[in-house]
Amino acid sequence: MPRTTDGDGTPVPQRLLAAATRLFADRGYDRTSVQEIVEAAGVTKGALYHYFGSKDDLLHEVYARVLRVQQERLDAFADADEPVEKRLRDAAADVVVTTIENLDDAMIFFRSMHHLGPEKSKQVRAARRHYHERFRALIEEGQEAGVFSTATPADLVVDYHFGSVHHLSTWYRPDGTLSPQQVADHLADLLLRALRP
């Protein structure tokens, strides 16, 4: 059985994911070998296959772990005892911040997810659809309550916001003039302005 942690206590699966994320972001998924991943993580191929089964599984987990966090956070915002406008703004800003905090993962997703096998690809699409549906439900709740305009269909509003989020990895730079929270606040404000009655 492979060791579950290294000398500093970092679990092997986390080491493998960190190494894979770094290599996939730097070189691309298709130009990164399993051998390079295990060498960077300081483990054996046996350890990788014990925890992930394949390079495809690693690619899936790189994105799925971020989406899981974002879904948990969206659910918490959506279920909060707050006015719908505040819940939507918090959710809209949060997805920007969590995407920027995981920029390599986002870049890998948009560059490499076409490499996923059919079953993993289906899982990712279903998880993203669930996230977008929950986000859209907040917009629809506000529209039904008369807080948000109904002039633009909720689906289009969702596409508008996530189009911005999905392009963060192409232009956001940590050493730029705006912090992650400032970018998040601007984009959330743009979304709410678009929904004003």
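I began by fixing a term: a residue is buried if its relative accessible area is under 20%, exposed if over 50%, and partly exposed in between, with a 1.4 Å probe and protein chains only. I kept in mind that this is a predicted model, in which local features need pLDDT of at least 70 and side-chain atom pairs count only at pLDDT 80 or more, while totals for chains, interfaces and linings use all residues. I also noted that residues are numbered from 1 along each chain as its sequence is written, and that side-chain values use heavy atoms, with hydrogens and water left out.

**Helix 5**

I looked up helix 5, where helices are DSSP runs of H or I with at least four residues, numbered from the N terminus. I found 13 of its 18 residues buried, so helix 5 is largely enclosed by the rest of the structure.

**Aromatic rings**

I then searched for ring pairs, meaning rings of Phe, Tyr and Trp (its six-membered ring) with centres within 6.5 Å, called stacked if the planes are under 30 degrees apart, edge-to-face if over 60 and tilted otherwise. I found six aromatic pairs in the structure. In one of them, Phe24 and Tyr29 have ring centres 5.1 Å apart and planes at 65 degrees, so I entered the pair as edge-to-face. I noted that Phe24 and Tyr29 are both buried.

I turned next to Phe109 and Phe110, whose ring centres are 4.7 Å apart with planes at 85 degrees, so this pair is edge-to-face. Phe109 counts as buried at 7% relative accessibility, whereas Phe110 is partly exposed at 40%. I saw that ring pairs link Phe109 and Phe110 with Tyr63 into a cluster.

Note on methods: Helices (H or I, at least four residues) and strands (E, at least two) are DSSP runs, numbered from the N terminus.
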